[in-house]
Amino acid sequence: MRLNVPLTGADELDAVRTVLESGYLTQGPRAAEFEKGITAVTTSAHGYAVSSATTGLHLTLVALGVEAGDEVIMPAFSFPATANAVAQQGAVPVFVDIRPDTFNIDPALIEAAITPRTRAIMPVHAFGLTADMDAVNEVARRHGLPVIEDAACALGATYHGRAAGSLATAGVFSFHPRKIITTGEGGMITTDDTALAERLQVLRTHGAVRGDLFMEFVDVGFNYRMSDVHAAIGLAQLTKLDWILERRRSLAASLSERVSAIDGVHAPVTPQGLEHSFQSYVVTLDPSIDRDGVIRRMREHDVETTLGTYGMHLQPVFVERFGSQEAALPAATAAHRQALTLPLYPQLTDGDLDTVAEALTASVS
Ligand SMILES: Cc1ncc(COP(=O)(O)O)c(C=O)c1O
């Protein structure tokens, strides 16, 4: 059993064929329509379709004026693209520890990480569970800092009735095939901030402003656009979003019933008032269990699993640049070693969940 299988078929093929036949291959009407579709889900005023969440995070940092030597606060436990986007700007990712129960940034630790060089706070909605955004926004407000949601995994997640992507200055989503919906590669920036939106628009397309006859270049911009070919796939996927979310949530509940019965295995937690998107279903194993051994044994049972995500502070690039921070980040370090992602995607059946639970029971003992 694979860890994830993207849900693509005839609808996506037809959508791509239509774009190819139209002759309009770069960013155009399909991308605009996809932006509308995503901002309807996130209740945001503006949406910008980009080539990935990584380029979306980078573009947002640039648009907010983050420069070399600045600092951006983020949880230590995330896919390293979160920190790469900051380091690409010559800025410093400042790692803050996570809460062991939710895998999300611990808001109580943010204030101590703020310095005169801090330019932004970038919480990550780990595996599709929103960070404690009221608490994060409160610290940010006291210090006059913008907040960027790394919502790569969180399309459709909510925080006390409000949508991921609408909870801060800007939100950034990913449409990589392992995410809630896919465009192949792709991303989206959402924001209600009109001034930021204008900067994003210009910087996404070469720093250009469109005139009557041709463009004028007013900034050192990028080509970070999502093409209409990709957007068409996203539009076909979007029609299935409600069903995908419902299915992921119900499968996650069923899997939790099964894995909670296994000694030393802890099912993911969803705090009251939050709706998880379950982009990934991640359990924590007791410290006495060798997580990597479990991954290998699960493979022998033909069930693909992987680590939760990365302790970014443990990755060689960030150790070399910023030194060892392991002692200051115990929860992220433990999550890096003991978290385990199990297969979860809409096509799975109850029988598949039984197979996963049986393989896990055999693999942890
Ligand atoms: C939390 C997080 N941020 C950013 C990214 C980067 O997304 P993309 O592959 O669209 O650049 C990912 C992808 O796995 C992610 O999980």
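**Getting to know the ligand shell, two residues and two domains**

Reader: How many nonpolar, polar and charged residues does the shell around the ligand have?
Author: First off, this is a predicted model, where local features need pLDDT of at least 70 and side-chain atom pairs count only at pLDDT 80 or more, while totals for chains, interfaces and linings use all residues. Numbering starts from 1 along each chain as its sequence is written. Ala, Val, Leu, Ile, Met, Phe, Trp, Tyr, Cys and Pro count as nonpolar, Asp, Glu, Lys and Arg as charged, and the others, Gly among them, as polar. Sorted that way, the shell has 6 nonpolar, 7 polar and 1 charged residues.

Reader: Which elements give two or more residues to that shell?
Author: The ligand is surrounded by 14 residues (C-beta atom, placed from the backbone, within 6 Å of it). Elements here are DSSP runs numbered from the N terminus: helices (H or I, at least four residues) and strands (E, at least two). Those giving two or more residues are α3 (53–63) and α4 (81–87).

Reader: Is Phe 103 buried or exposed?
Author: Other C-beta atoms within 10 Å get counted, with C-beta atoms placed from the backbone: 20 or more means buried, 12 or fewer exposed, in between partly exposed. Phe 103 has 27 such neighbours, so the residue counts as buried.

Reader: What about Thr 43, buried or exposed?
Author: Thr 43 sits in the loop between α2 (29–42) and β1 (46–50). Its phi is near 55°, a positive value in a residue other than glycine. Because 12 other C-beta atoms lie within 10 Å, Thr 43 is exposed.

Reader: What distance separates the centres of domain 1 and domain 2?
Author: An automatic or database domain assignment sets the bounds, giving domain 1 (10–238) and domain 2 (241–364). Taken over C-alpha atoms, their centres are separated by 24 Å.
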